[in-house]
Amino acid sequence: MTGAVLLHVALGAPLAGSVGLALVPRRIGERRAPVTGVAASAVALAALVAVVAISDKDDGGRAQFVTDAAWAPAVDLRWHLGVTGLSLPFAVLTALLVFCCCLYTVRVRPEAGRLRAFIALVLLLEVGMLGTFLALDLLLFFLFFEVVLVPMWFLIAWWGDPHDRPGRTAAATTFILYTLLGSALMLVGFLVVHAHTGTFDMIELADRAGAGLSGGVQLAAALAIVGGLSVKVPVWPLHTWLPDAHAKAPTVGSVLLAGVLLKMGSYGLVRVAVPIVPDGVARLAPVLGGLAVVGIVYGALACLAQRDLKRLVAYSSVGHMGFVVLGVATLTPAGLNGSVYAGLAHGLITGLLFFLAGAIKDRHGTSDFDQLGGGLYARLPRLGALLTFGAVASLGLPGLAGFWGELLALVGAFRPADLLDRPYFLGLLAVALAGLVLTAWYLLVTVRRVCQGDDTIGPSLPVLGDVTRLEAVSWGPLVALTLVLGVWPGLVLTMVDPAVQALLGGAGP
């Protein structure tokens, strides 16, 4: 089986599962939904693992297993798919997180019921997320980028916090309005590029490295593309949709929102904006870097003020994604490698933390710190140990996946691209380092508050037991990869670095 066929299998399996669940009778669909979700997501994951096995790791800068066929010639839309060393890790991360979510749902069902619709929407969401990372055409990239919005709206609005229906509907609506506005702005940038180049082909545009686009056109296109993608990342101050969306979403929705949807924005910055409009991005880089470090510090301070575990994990994403954006703003191989690695690590670690926050809320009926009390180590020792592991991984402890990406982003800030102002970026580096200290502070405070001390839980709060076998299996891959990528960064960087070098090759830095 060729790589191109495997990529279509990875897209087709969840699509078939979603459509199949929508078409079967409700009684059968409700019973078969968990098995269908696990099977479809497992096929997609297996297909992408096979693609990794047969891909040329040393040639990650070249698009491999490419399919290119006319789809809608009237609007110059092509079915143009393939993978590079940059997109393949994100595609595998997406398939892994969806598989873990479907497996988790076998036993932990959404309180609102309607399991058939829930799994069908998760699988449709997977199609949009995978397609975004596999697309090699700007218009196709945009279409897949948009596919995720409606399923995620329903996941938040229908299956979100069962105790706050108005709140979850408002959070879902805010999410979709923000991201639709960002997507529209991004599309304007794509159309500006097409109007001056005559193509949406991402490979051709990256090879041109801005040739044929004047400085003014590049700046205008970069403003639209970077601005639109920054909403999805999200870059401060465009982050305000994020905390409520995370806090009100069901556990599976929070995992996929943090683990994948945010990465669609950061991936677009690296894969689309940097190589296609390099001069425009270079002029925006100081602003982007400044907003990134503000987000790092703001996210940490906001976490210190939180009284709810899920909202704390949500705000932590603002800070961690700040390091991702800072790496992009340096326009260096080290910075962009760090951006990609930090994004992958964030997907694993924050996905695990949202699983754990959801499990704690399921067992106690709340994620409020005051109602939870302390003593999780005494009450649920395995769950407490996993929460501590996730916290120390999130703060960037050496030997765990969160360390390398942030380190490379800081290295990029220490020596940014020659066309950037180094003293300015050294100032950003100092602020980012202060943010690291604050990050360690709030995570350690959280562990002390929730896990340590006496068992102070109120007698009315139900305790459903420690980590179950199915939960351990669902979360195990995230724990294992956090450890593996912490001690073996070359596993990913050998694929990513050739792609980053190729994208920067025509950009000057």
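Biologist: In this predicted model, which helix holds both Glu 204 and Arg 208, about one helical turn apart?
Modeller: The two residues sit four positions apart in the chain, and that spacing comes to about one helical turn. They also form a salt bridge, with the closest N and O atoms 2.5 Å apart. The element that carries both, spanning residues 202–208, is helix 8.

Biologist: Is Glu 204 buried or partly exposed?
Modeller: Buried would need under 20% relative accessible area, and exposed would need over 50%. Glu 204 comes out at 33%, and its partner Arg 208 at 30%. With its value between the two cut-offs, Glu 204 is therefore partly exposed.

Biologist: How many residues apart are Arg 363 and Glu 471?
Modeller: These two form another salt bridge, with the closest N and O atoms at 2.8 Å. The pair ties together distant parts of the chain, since Arg 363 belongs to helix 14 (residues 333–364) and Glu 471 to helix 20 (residues 469–487). Along the chain, the separation is 108 residues.

Biologist: And is Arg 363 buried or exposed?
Modeller: The cut-off for buried is under 20% relative accessible area. Arg 363 has 4% relative accessibility, and Glu 471 also has 4%. Arg 363 therefore counts as buried.

Biologist: Which residue forms a salt bridge with Arg 382?
Modeller: Arg 382 is in helix 17 (residues 381–394), and its partner is 84 residues away, in the loop between helix 19 (422–451) and helix 20. That partner is buried, with a relative accessible area of 15%. The closest N and O atoms are 4.0 Å apart, and the residue is Asp 466.

Biologist: How many salt bridges does a search of the whole structure find?
Modeller: We've looked at a few, including Glu 204 with Arg 208 and Arg 363 with Glu 471. Arg 382 with Asp 466 is one of them too. Over the whole structure, the search gives seven.

Biologist: On to the pockets: how much space lies in the second largest pocket?
Modeller: Its lining takes at least two residues from each of helix 2 (26–54), helix 3 (87–105), helix 14, helix 20 and helix 21 (490–505). Pro 89, Val 92, Leu 93, Leu 481 and Val 492 lie nearest the centre. The space in this pocket is about 370 Å³.

Biologist: What class are the residues in the lining of the second largest pocket?
Modeller: The lining has 15 residues. No polar and no charged residues turn up among them. By class, the 15 are nonpolar.

Key:
Residues are numbered from 1 along each chain as its sequence is written. This is a predicted model: local features need pLDDT of at least 70, side-chain atom pairs count only at pLDDT 80 or more; totals for chains, interfaces and linings use all residues. Side-chain values use heavy atoms; hydrogens and water are left out. A salt bridge is a side-chain nitrogen of Lys or Arg within 4 Å of a carboxyl oxygen of Asp or Glu. Buried means under 20% relative accessible area, exposed over 50%, partly exposed in between (1.4 Å probe, protein chains only). On a 1 Å grid over the protein atoms alone, a cavity is a set of points where a 1.4 Å probe fits but cannot get out, and a pocket is an open set with protein on both sides within 12 Å along at least five of seven lines; lining residues have an atom within 4 Å of a point. Grid points are joined across faces, edges and corners, and a volume is the space filled by probe spheres set on the points. Ala, Val, Leu, Ile, Met, Phe, Trp, Tyr, Cys and Pro count as nonpolar, Asp, Glu, Lys and Arg as charged, and the others, Gly among them, as polar.
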